[in-house]
Amino acid sequence: MSCDPGVRALYLHIPFCARKCAYCDFASWTTPAGDPLMGAYAHALATQLDEVASLGLLDGCETAYVGGGTPTLLGEKDLGRLVEKIVGAAAPSELTCEANPDSLTDGVLLAAREAGATRLSVGVQSLDDGELRELGRLHDAACARDRVTAAVATGLDVSVDLMCATPGQTGESWMRTLRGAVALGVGHVSVYPLQIEEGTPLDRRYADEPCTWNDPEVQAERMSQAQVALEAHGYSRYEVASYARPGRECRHNKVYWTGSPYLGLGTGASSMLDLEGYLRLCATCPQLPAAPEGARRVRLTVETRRRELAAEPRLSALSFSLEFLTEPQAVAEDLMLGARLVEGLRPELVARARELFGARFDDTVDALLARGLLVERNGRLAPTEQGWLLGNELYGALWDLTPGEVATARC
C-alpha cells in the first residue's frame with residue numbers, strides 16, 4: 001500500500017456513440033454528430049482535470065486513457081483540446097485514445113497525435129462483414145483495415161480489439177480476422193470472448209434459442225486459436241486478454257491488475273484510491289462520507305449523468321457510489337487481479353497475503369496448484385492456461401480469502 005496520495009493512471013470516460021452496438025451495456029448513449037452536449041461534456045472534464053491536479057492527485061500519473069463510448073466521436077477540435085488538457089494536467093508518458101473506425105477521420109488522427117496522444121486503441125472486433133453486422137457495428141472490414149493502416153502510418157502505437165465467440169463466427173473466419181489484424185502491422189492485440197449481457201439487443205435477439213456459438217467450450221477454443229496465431233507472429237501474451245510485440249504492452253492496462261491507484265473522471269468512470277488519496281479528494285468533495293475505521297482502499301464510481309455533469313462539472317457536485325476495503329480485502333483483491341497477468345503474483349504480495357491469511361492462504365494455493373489453475377514459474381505463482389479458461393474459479397478462490405463484507409456507501 002502506497003502512502004503517496006497520487007495516482008499512477010488517469011481514465012476519462014466519453015459516454016457518446018453514433019449507435020449502440022447490439023452487445024453493449026456500457027455507460028454510453030446514442031448521440032448525433034455535432035451535438036453541443038459533447039463539447040460541453042468535454043469542457044466539463046477539462047474543468048475537473050484542473051481540480052484534481054490542484055489537489056496533487058496527478059503528480060505521479062504515468063498513463064492516461066480516454067475511453068468510451070466513442071472518444072473519436074468528439075471530433076478533432078474537442079478531442080484535441082481534451083488530450084492537450086490531459087498532457088498539461090498530468091504529463092503522462094503513455095496516453096491512449098479509444099477509437100472506432102467509422103469516426104477515426106484523418107483529421108481526428110492528426111489532432112490526437114499533435115495534442116500529445118501516444119497510443120490508439122481501435123475497436124475493430126472482426127474483419128468479417130457478416131459478423132460485424134450481427135454485432136451492430138457501424139463499420140465494415142474495409143473501413144477497419146483502412147483506418148488502422150492510417151493510424152499506424154501516423155507513428156502512433158496502435159492496438160486493435162477483437163471479439164470472438166460471436167454470432168456467425170467460425171474457426172476459419174476467426175483465423176482470417178486474426179491474420180488480417182496481424183497484417184495491419186499493429187503492436188498490440190486484445191481479444192475478448194463476447195459476453196451476452198442481460199437486456200441488450202443481442203440478449204433479446206437470442207433469448208429463445210441456445211447460443212451454441214458462445215458456449216464456454218467455444219470461447220476457450222477461440223482464445224486458444226488466438227494465442228497460437230498471435231504468438232506465431234511475434235506477439236507475446238502478457239495478460240489473459242492482451243498480446244503485444246516486445247516493448248508494446250499497454251502500461252495503463254497493467255495498472256489495473258497490479259493494485260496501483262487510478263482516477264476516473266466522467267459519468268460511469270471508476271477510481272481506486274489509497275486512503276491518503278481519498279482523504280485528499282474529500283477535501284474538495286464534502287459530499288463524500290468519512291471512511292470507516294480500518295479502510296485502506298476506496299473504490300468510487302461516478303453516478304452523475306452526462307447532462308448533469310456537463311451543466312455542473314465541479315467535483316463537489318458529483319454523486320458517487322463507493323466501496324471501502326480493509327487491508328485484507330485489498331490484498332485479496334490484488335491476488336485476484338494479479339492472477340490475470342502472465343508474470344503472476346508479485347512475491348511481496350504473496351508474502352503479505354501469507355502474513356494476513358496464514359494457513360488459509362497456503363491451503364488455497366495448494367488446492368489451486370493441485371487443480372492446475374496456478375503454477376510456480378520463475379519464483380512466482382502464475383496462472384496457467386487452464387486457470388484463465390476457468391477464470392471465475394481461480395479469481396473467486398483468491399477473493400474468497402477476504403474476511404467479511406465490503407462496506408458500501410452512496411452520496
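Start with alanine 89, which sits in helix H2 (residues 75-90). Setting aside neighbours up to four places away in sequence, alanine 89 is in contact with Leu49, Ala53 and Leu58. The model you're looking at is a predicted one, so treat every distance here as a property of that model. One such distance: alanine 89 and valine 52 are 37 residues apart along the sequence, yet their C-alpha atoms are 8.7 Å apart in space.

Leu49 turns up again if you move over to leucine 10. Not counting neighbours within four places in sequence, leucine 10 has contacts that include Leu49, Leu58, Ile86 and Ala90. Its list also takes in Cys61, Thr63, Ala64 and Tyr65, and from much higher numbers His252, Leu263 and Leu265. So what is leucine 10 part of? It belongs to the largest nonpolar core, a set of 81 residues in which Leu10 and Val191 touch the most other members. The element that gives the most to this core is helix H1 (residues 36-54), with seven residues. There is also a second, separate core of 22 residues, and among its members are Leu345, Ala353, Val365 and Trp388. As background, nonpolar side chains in soluble globular proteins tend to be buried together.

Now zoom out to the whole chain. It has 16 helices and 17 strands. How compact is it as a globular protein of that length? The radius of gyration is 21 Å, close to the 22 Å that the globule rule gives for 411 residues, so the chain is as compact as a globular protein of that length. Along the principal axes, the C-alpha trace spans about 55 × 50 × 45 Å. Of the 411 residues, 55% count as buried. Looking at contacts with a separation of 6 or more, 73% are between residues 24 or more positions apart. On the outside, the accessible surface comes to about 16,800 Å², and carbon and sulfur atoms hold 50% of that. As for charge, there are 39 positive and 56 negative side chains, with the centres of the two sets 3 Å apart.

Back to the elements around H2, and on to helix H3 (residues 106-115). Its buried residues are Val108, Leu109, Ala111, Ala112 and Ala115. What do those buried residues pack against? Their partners are H2, S6 and helix H5 (141-153). For the spacing along a helix, remember that an α-helix has 3.6 residues a turn, so residues three or four places apart point the same way. Just after H3 comes glycine 116, which has a positive phi, near 125 degrees.

Strand S6 (residues 119-125), one of the partners of H3, has glutamine 125 in it. Is glutamine 125 buried or exposed? Its relative accessible area is 8%, under the 20% cut-off, so glutamine 125 counts as buried. Leaving out residues up to four places away in sequence, glutamine 125 touches Tyr23, Leu135, Arg137, Asp161, Leu162 and Met163.

Another polar side chain to look at is aspartate 334, in helix H12 (residues 327-338). Aspartate 334 is buried too, with a relative accessible area of 7%. Apart from residues up to four places away in sequence, aspartate 334 touches Gly259, Leu349 and two arginines, Arg297 and Arg346. For a sense of where that is relative to H2, compare aspartate 334 with isoleucine 86: they are 248 residues apart in sequence and 28 Å apart in space, C-alpha to C-alpha.

Last, some backbone spots worth a click. The peptide bond from glycine 68 to glycine 69 is cis, with omega near 20 degrees. Glycine 69 lies in the loop between strand S4 (63-68) and H2. At the other end of H2 is alanine 91, in the loop that leads to strand S5 (94-99). Its phi is near 50 degrees, a positive value in a residue other than glycine. Alanine 165 also has a positive phi, about 60 degrees, without being a glycine. Alanine 165 is placed in the loop between strand S7 (157-164) and helix H6 (171-183).

Which of these alanines counts as buried, and which as exposed? Alanine 91 has 54% relative accessibility, over the 50% cut-off, so alanine 91 counts as exposed. Alanine 165 has 1% relative accessibility and therefore counts as buried.

Technical notes
Residues are numbered from 1 along each chain as its sequence is written. This is a predicted model: local features need pLDDT of at least 70, side-chain atom pairs count only at pLDDT 80 or more; totals for chains, interfaces and linings use all residues. Side-chain values use heavy atoms; hydrogens and water are left out. Helices (H or I, at least four residues) and strands (E, at least two) are DSSP runs, numbered from the N terminus. The radius of gyration is taken over C-alpha atoms; the globule rule is 2.2 Å times the number of residues to the power 0.38. Buried means under 20% relative accessible area, exposed over 50%, partly exposed in between (1.4 Å probe, protein chains only). Contact means heavy atoms within 4.5 Å. Accessible areas come from the Shrake-Rupley method with a 1.4 Å probe; for residues, only the protein chains shown count as cover. Lys and Arg count as positive and Asp and Glu as negative; His and the chain ends are not counted. The place of a charge is taken as NZ of Lys, CZ of Arg, CG of Asp or CD of Glu. A nonpolar core is a set of buried Ala, Val, Leu, Ile, Met, Phe, Trp, Tyr and Cys residues joined through side-chain atoms within 4.5 Å.
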